[in-house]
Amino acid sequence: MTGRLPIRISDEVTQAVADGRPVVALESTIFTHGLPRPRNLTVALEAEERLRTAGVVPATVGVYAGVPTVGLATEQIKELSESDDLDKASLRDLPVVAALGRHGGTTVAATAFLAHRAGIRVFSTGGLGGVHFGASETFDESADLTTLAATPVTVVSAGVKSILDIGATLERFETLNIPVVGYRTRKYPGFYITDSGHEINFKVDTPEEAARVIAARDGLELPQAVLVANPVDPAKQLPPEELDELLGRAWAEAERRGITGNASTPFLLDFIQRDTQGRSLDVNVEVYRGNVRLGGEIATALAALRDEA
């Protein structure tokens, strides 16, 4: 337990943070809600193993039996990946899920919050939430935005999910003073695709450059996250023209069925998965692998920078 909120941090993570060794936080919704069984468990355990092989401590984050946990044990990951009765827990949901003693997969917002509470500086995920189309009327924006505006972690992602209003999301990042840097590119990625068609102002070319940006943010005592946008390999993306056509049909079907609000995202993602006969899931996994690898490299560079200091 830590502080006033009952957060459990594994001994391995606690010691690694205290020693200044590289640690990377991993969210749990990718294996509780994002991928089908048994692939979800395979991907979750593979991500941890890849980090360990690189000399980085993995810290998978989730809610187990009502306890927000940073550094889930393998058996806990297995149980969460096989459970049908668990919640998708954003930051606002943590106290409710905790009080009711439920299992929960943590979103980007909840994972970032818990990772920061545990002293972890780098968090790898797939895609971020953002501004939904029509948000000027519905006010439908992800809690990731406001949480990352007040949580000084580093989030490695492949941009925001392709079903979102990416231009509006980038504007919100600017308004919230959240720095966005591309990894070896100024073309902002769109999760399933390498280039969303939107330019960003800055890029870093090495993990060491990313580490210096993070150190400068910390030196200025700014509260915002640093977002590192890491595009999927162009050879492994969904063809952009195919995705455009697919999204048009997905939105039309959602409108025909009257699907709006929170129900839109799972419907659209499921539509994409079924229409591509699972190819979108393959891209999802490639995106995640790339972000886990880069997150480990940045965490290692941060640890080296600390040693130098």
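Pro-234 is exposed in this predicted model, because its relative accessibility of 52% lies over the 50% that marks an exposed residue. The residue belongs to the loop that runs between β13 (226-229) and α11 (240-257). Its C-alpha atom is separated by 12 Å from that of Thr-185, a residue 49 places away along the chain.

**Other loop residues**

Gln-277 is likewise a loop residue, placed between α12 (264-275) and α13. With a relative accessible area of 76%, Gln-277 is exposed. Its backbone has a positive phi of about 55°, although the residue is not a glycine.

A positive phi is also found at Ala-65, where the angle is near 50° in a residue other than glycine. Ala-65 sits in the loop between β3 (57-64) and β4 (67-70), and its relative accessibility of 41% makes it partly exposed.

Ser-90 occupies the loop between β5 (87-89) and α5 (94-99). Is Ser-90 buried or exposed? Its relative accessible area is 13%, and Ser-90 is therefore buried, given that buried means under 20%. Apart from neighbours within four places in sequence, the contacts of Ser-90 are Thr-107, Ala-109, Ala-110 and Ala-143.

The loop between α2 (29-34) and α3 contains Pro-38. The peptide bond that joins Arg-37 and Pro-38 is cis, with omega about 0°.

**Helix packing**

Three helix pairs are set out below.

| Helix pair | Axis separation | Crossing angle |
|---|---|---|
| α3 and α4 | within 9 Å | roughly 155° |
| α10 and α13 | 8 Å | about 60° |
| α3 and α13 | 10 Å | about 20° |

How are α3 and α13 oriented with respect to each other? The angle between their axes is about 20°, so α3 is roughly parallel to α13, angles under 35 degrees being counted in this way. The crossing of α3 past α13 is right-handed. On the α3 side the contact is made by Arg-39, Val-43, Glu-46, Ala-47, Arg-50 and Leu-51, and on the α13 side by Leu-281, Asp-282, Val-285, Tyr-288, Arg-289, Val-292 and Gly-296. By class, these residues comprise seven nonpolar, one polar and five charged.

Helix α3 (residues 39-53) also packs with helix α4 (residues 74-82), the axes crossing at roughly 155°. The two helices are therefore roughly antiparallel, since the angle is over 145 degrees. Their crossing is right-handed. Asn-40, Leu-41, Ala-44, Leu-45 and Glu-48 are the α3 residues in this contact, and they meet Thr-74, Ile-77, Lys-78, Ser-81 and Glu-82 of α4. Four of the residues in the contact are nonpolar, three are polar and three are charged.

Helix α13 (residues 279-308) packs with helix α10 (residues 207-219) as well, at an angle of about 60°. That angle falls in none of the parallel, antiparallel or perpendicular ranges, so α10 and α13 are oblique to each other. This crossing, too, is right-handed. Helix α10 contributes Pro-207, Glu-208, Ala-210, Ala-211, Arg-212, Ile-214 and Ala-215, while α13 contributes Leu-294, Glu-297, Ile-298, Ala-301, Leu-302 and Leu-305. The contact consists of 10 nonpolar residues, no polar ones and three charged ones.

Ala-301, a residue of helix α13, can be examined individually. It counts as buried, at 9% relative accessibility. Beyond its neighbours within four places in sequence, Ala-301 is in contact with Pro-207, Glu-208 and Ala-211. Ala-301 and Val-228 are 73 residues apart in sequence, and their C-alpha atoms are 14 Å apart.

**Nonpolar cores**

In soluble globular proteins, nonpolar side chains tend to be buried together. Which residues touch the most other members of the largest nonpolar core? Within this core of 60 residues they are Val-70, Ile-120, Leu-148, Phe-173, Tyr-188 and Leu-227. Outside the four nearest places in sequence, Leu-148 is in contact with Val-108, Ala-112, Leu-128, Val-155, Ile-178, Pro-223, Gln-224, Ala-225 and Leu-227. A second core, separate from the largest, has 34 residues, among them Phe-31, Ala-47, Leu-72 and Ile-298. Two of these also appear in the helix contacts described above: Ala-47 in that of α3 with α13, and Ile-298 in that of α10 with α13.

Conventions. Residues are numbered from 1 along each chain as its sequence is written. This is a predicted model: local features need pLDDT of at least 70, side-chain atom pairs count only at pLDDT 80 or more; totals for chains, interfaces and linings use all residues. Side-chain values use heavy atoms; hydrogens and water are left out. A nonpolar core is a set of buried Ala, Val, Leu, Ile, Met, Phe, Trp, Tyr and Cys residues joined through side-chain atoms within 4.5 Å. Buried means under 20% relative accessible area, exposed over 50%, partly exposed in between (1.4 Å probe, protein chains only). Contact means heavy atoms within 4.5 Å. Axes are lines fitted to C-alpha atoms, for helices over the stretch in contact, and angles run from 0 to 180 degrees between N-to-C directions. Helices (H or I, at least four residues) and strands (E, at least two) are DSSP runs, numbered from the N terminus. Angles under 35 degrees count as roughly parallel, over 145 as roughly antiparallel, 65 to 115 as roughly perpendicular and the rest as oblique. A crossing is left-handed if the near helix is turned anticlockwise from the far one by less than a right angle, and right-handed if clockwise. Ala, Val, Leu, Ile, Met, Phe, Trp, Tyr, Cys and Pro count as nonpolar, Asp, Glu, Lys and Arg as charged, and the others, Gly among them, as polar.
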